[in-house]
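This report looks at charged side-chain pairs. Please keep the sequence and the model open while reading.

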Amino acid sequence: MIEEGKKVKIHYTGTLDDGTKFDSSAGRDPLEFEMGAGMVIPGFEKGVADMDVGEKKSIHIPAEEAYGERREDLVMQFERSQLPEGLEPEVGMGLQMQGPQGQPVPVTVTEVANDNITIDANHQLAGQNLNFELELVEVV
C-alpha cells in the first residue's frame with residue numbers, strides 16, 4: 001500500500017463504459033498527486049493505492065466513487081438580466097458562478113431563451129461509471 005502523504009506519478013487513460021475516451025495523460029507528463037489529500041476522485045486513489053512502480057492495471061470506478069450521481073437540483077434557470085453586461089450566452093458555454101462559501105463553481109449553459117438561461121452545475125462526468133488504464137511511474 002502506498003502511504004498517505006506520498007506523491008505518486010501515474011499515466012492514465014480514462015474511458016466511459018461505452019468506450020468513449022474522456023481524458024488521457026498520453027503525450028503529457030504523468031499526473032502527480034498526493035495520496036490522501038483528496039486531489040483526485042476517491043475511486044481513482046483507491047485504485048492506485050496498492051500498485052507497485054512500473055505496474056499497469058485497469059480499474060472500474062462506479063459513479064458514486066467518481067463524480068457522484070447526476071443531481072437535477074443542480075440544473076437552474078436564471079434571468080438573462082442577471083448575467084454580466086455584454087455576455088451573450090450560448091448552449092455549451094462554460095461559465096463560473098460563486099458557491100455559498102464564495103468558492104468558484106463551474107457551470108454549463110444548457111438552454112438559452114429570450115428572457116432566461118438554464119445552467120447545469122453537475123460535473124460533466126456526473127452519473128457516469130469511469131474506467132482507467134493506469135501505469136504507476138513513480139512514488140516519492
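Is glutamate 72 buried or exposed? Glutamate 72 is exposed, because its relative accessible area is 55%, and the cut-off for that class is over 50%.

## Overview

The model is predicted. A search of the whole structure finds eight salt bridges. Three of these pairings are taken up below.

## The pair between strands

Lysine 9 and glutamate 138 form a salt bridge. Their closest N and O atoms are 3.6 Å apart. Lysine 9 lies in strand 1 (residues 7–16) and glutamate 138 in strand 9 (residues 130–139), so the salt bridge ties together parts that are 129 residues apart in sequence.

Both ends are partly exposed. The relative accessible area is 30% for glutamate 138 and 25% for lysine 9.

## Arginine 71 and aspartate 73

Arginine 71 forms a salt bridge with aspartate 73. Here the closest N and O atoms are 2.7 Å apart. Arginine 71 counts as partly exposed, at 42% relative accessibility.

## Arginine 70, glutamate 72 and the network

Arginine 70 forms a salt bridge with glutamate 72. The closest N and O atoms of this pair are 3.5 Å apart. Arginine 70 is partly exposed, with 41% relative accessibility. Its partner, glutamate 72, is exposed at 55%.

Which residues are joined into one network by salt bridges that share partners? They are Arg70, Glu72 and Asp120.

Definitions and conventions:
Residues numbered from 1 in each chain as written. Predicted model: local features only at pLDDT ≥ 70, side-chain atom pairs only at ≥ 80, totals over all residues. Heavy atoms only, no water. Salt bridge = Lys/Arg side-chain N within 4 Å of Asp/Glu carboxyl O. Helix = DSSP H or I, 4+ residues; strand = E, 2+ residues; numbered from the N terminus. Buried < 20%, exposed > 50% of the residue type's maximum accessible area, 1.4 Å probe, protein only.
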